[in-house]
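Trainee: I am new to this structure and would like to learn how to read its features. May we begin with a charged side chain and then move outward?

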Amino acid sequence: MPVARRVFLALGANIAPRAPPLTAAVSALASHPDITLTATSGLYRTAPAHIVDQPAYYNAAASVVTTLSPAALLAATQAIEAAAGRPSPRDGHTRRQQRYGPRVLDVDIVAFADGGTFNDPPRLTVPHPRLTERRFVLGPLADVGAGPVRVPGTGGRTVADLLAALPPAPDTVRLMPLPRGRSRVWGAATSVAAILNVTPDSFSDGGRLSTPVSVADEAERLVHAGVRHLDIGGVSTRPGATAVTAAIEADRLLPALTAVRERLCGEDILISADTYRGSVAAAAVAAGADMINDVMGGRGPADGPGGAGTVGVAAATGVPLVLMHSRGGMESVAGVGNGGDDTDTEADGVRRSARELGAAVSAALAVGVPGWALLADPGLGFGKGHAVSAATLRRLADWSTALAGGVARVSGGWAERDDPAAAAASASGVVEGNEGEGRRGVMTPTPWEGARLPLMVGPSRKRFLAAICRGSNDVERLVGKEELDWATAAAVVATVAGGGDIVRVHHEAAVTVARVADVLLRGRDW
């Protein structure tokens, strides 16, 4: 019986449009009958090597488990390259591409997790002959758990050792591709996502935006105030909110989204659709949404095309997907009692929610949502008591590390640093994760310190902030919207300090708060 083996692949492209062929390659790996995709890395824009007079590359890595022989796996990767338009000798092409020249897609077998070798030159040599000198390969490999892997022929050094020995690559940036050929760069600044609720019963601003025109007017005002991300939702998630059908949600969301996209057609803005239904997510993407924001973490109805939920829609379309931690169904997702997180200790509550969401992230990776298209939201106030919500925000860096550990336990991809189980598995040759430094909480992170999922955090006007405002001596006092907005400003600062990437808020003043916090806490450019 063939033995399953964990294999690391390097992906790259520098012929426009770059991102779509890489996303298609991930989808092909996920759907291959003899390959199990376990993790994909972030996506990095890197300077070209050897021949510098060519476009920058997009580079990534994947971890797979397969029973295919090295030769059969090579044939599978070459078929994926050929589907992207790269000439293949298997299809009768005899002219070789320029060595180190532009590529529509590269899918290279670069290392085995067990430290094994394979030599069949010039067709295939594993580990890759130039692995030791390629930071643009070693960095993404660290993302998917190859850091502890010992590379044959290097005197026992690991991928992490080789990476640390190479000079920095200051031109390298981590990207999130968006529809219509756009992208966002992670690490440049904390982004502010403004909430646009097209609902009559949202907890903070329900009924204020009742027509597509009013939504477009408000969106235009927010963009002129400096907001570059708009999050539009058609379902209230407040405790006790009335459930609505998919048809009602779509009737609210889609006309508003279309109106905003048409009004702001000349603006470089990101629009996310706040929905947990596959059918609404697919329709929103078709109407111009750039991102899906799912408060149920992929647990909602699989009523989209082909029976797809939000995860399936993201995998099929390539749009980024935010998976938020919550518990229960939509009738109780915002309640406190779903799963007992309100009775956890603060530390246990933080770890447990992160690891629960880690399972959802792993499931999304396995069906072909690329690592570079996934974001995580800790779900402040969702299925958590006030103390655990506050602790999660205060310990956001720890939550991010625990999330990575939760993903690693399921997928064998990203792993929690200093995890004894991961260390033991690594020593046995079964690599379970990345031992590199996590980038959360680091003042000046580089893209190669072991990527974590970008974080979206939504503290705005939450009940746990109202509880903090009241204090223990005045528990019955009503906290007004203005006071909650001041409390939210403090929570935005905490989000920046904890390494958050996007903060989701009701008030545009958060743009200024985040900008100043970025400069003071992260040393970002003015």
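Mentor: Let us do so, bearing in mind that this is a predicted model. Asp 294 is buried and yet forms no salt bridge. The nearest side chain of opposite charge belongs to Arg 299, at a distance of 7.5 Å.

Trainee: Why does Arg 299 at 7.5 Å not count as a salt-bridge partner of Asp 294?

Mentor: A salt bridge requires a side-chain nitrogen of Lys or Arg within 4 Å of a carboxyl oxygen of Asp or Glu. Arg 299 is 7.5 Å away from Asp 294.

Trainee: Which backbone nitrogen does the side chain of Asp 294 reach?

Mentor: The side chain of Asp 294 reaches the backbone nitrogen of Met 296, at 2.8 Å. Asp 294 itself is placed in strand 13, residues 291-294, whereas Met 296 lies in the loop between strand 13 and helix 8. Leaving aside neighbours within four places in sequence, the contacts of Asp 294 include Thr 275, Tyr 276, Thr 310 and Leu 323; Arg 299 is also one of them.

Trainee: Is Met 296 buried or exposed?

Mentor: Met 296 counts as buried because its relative accessibility is 5%. Met 296 also shows how positions separated in sequence can be compared in space: Ser 326 is 30 residues away along the chain, and the two C-alpha atoms are separated by 5.8 Å.

Trainee: In which sheet order should I place strand 13?

Mentor: An open sheet is read from one edge to the other. Here 8 strands follow the order 15-14-13-12-11-10-17-16, with parallel pairing. Strand 15 (374-377) and strand 16 are the edge strands, each pairing on one side only. Within this sheet, strand 10 (residues 191-197) pairs with strand 11 (residues 229-233) over 5 bridges, in the parallel sense. Leu 196 has Ile 232 of strand 11 as its bridge partner.

Trainee: What does Ile 232 show beyond its pairing? Which residue in helix 6 touches it?

Mentor: Leu 257, located in helix 6 (residues 246-263), touches Ile 232 and also, among others, Ile 271, Ala 273 and Ala 289. Leu 257 counts as buried because its relative accessibility is 0%. Another of its contacts is Ala 287; Leu 257 and Ala 287 are 30 residues apart in sequence and 7.1 Å apart from C-alpha to C-alpha.

Trainee: How should I read strand 1, and with which strands does it pair?

Mentor: One general idea is useful: in a regular strand, side chains alternate between the two faces of the sheet. Strand 1 is mostly covered, with 8 of its 9 residues buried. Strand 1 pairs in the antiparallel sense with strand 4 (residues 57-66) over 9 bridges, and Leu 9 stands opposite Ala 62 there. Strand 1 also runs antiparallel to strand 5 (residues 106-112), joined by 6 bridges; in that pairing Ala 10 stands opposite Asp 108.

Trainee: Which residues have the most contacts inside the largest nonpolar core?

Mentor: They are Leu 9, Leu 323 and Leu 374, in a core of 71 residues. Helix 9 (residues 346-366) gives the most to this core, with 7 residues. Apart from this core lies another, of 30 residues, among them Ala 194 and Leu 209. Returning to Leu 374, its contacts beyond four places in sequence include Leu 321, Leu 323, Val 361 and Leu 453.

Trainee: What should I look for in the backbone itself?

Mentor: Most residues other than glycine have a negative phi, and most peptide bonds are trans. Two cis bonds deserve attention here: one runs from Pro 121 to Pro 122, with omega near 0°, and another joins Val 126 and Pro 127, with omega about 0°. Pro 122 is in the loop between strand 6 (118-120) and strand 7 (124-126), while Pro 127 is in the loop between strand 7 and helix 3 (135-143).

Trainee: Where is a positive phi found in Arg residues?

Mentor: Arg 18 has a positive phi of about 70° and lies in the loop between strand 1 and helix 1 (19-31). Arg 461 has a phi near 55° and is found in the loop between strand 16 (456-457) and helix 13 (463-470). Arg 461 counts as buried because its relative accessibility is 9%.

Methods. Residues are numbered from 1 along each chain as its sequence is written. This is a predicted model: local features need pLDDT of at least 70, side-chain atom pairs count only at pLDDT 80 or more; totals for chains, interfaces and linings use all residues. Side-chain values use heavy atoms; hydrogens and water are left out. Helices (H or I, at least four residues) and strands (E, at least two) are DSSP runs, numbered from the N terminus. Buried means under 20% relative accessible area, exposed over 50%, partly exposed in between (1.4 Å probe, protein chains only). Lys and Arg count as positive and Asp and Glu as negative; His and the chain ends are not counted. A polar contact is a pair of N or O atoms within 3.5 Å; within protein, one must be able to donate a hydrogen and the other to accept it, and residues adjacent in sequence count only if both atoms are side-chain atoms. Contact means heavy atoms within 4.5 Å. A nonpolar core is a set of buried Ala, Val, Leu, Ile, Met, Phe, Trp, Tyr and Cys residues joined through side-chain atoms within 4.5 Å. Two strands pair if DSSP finds at least two bridges between them.
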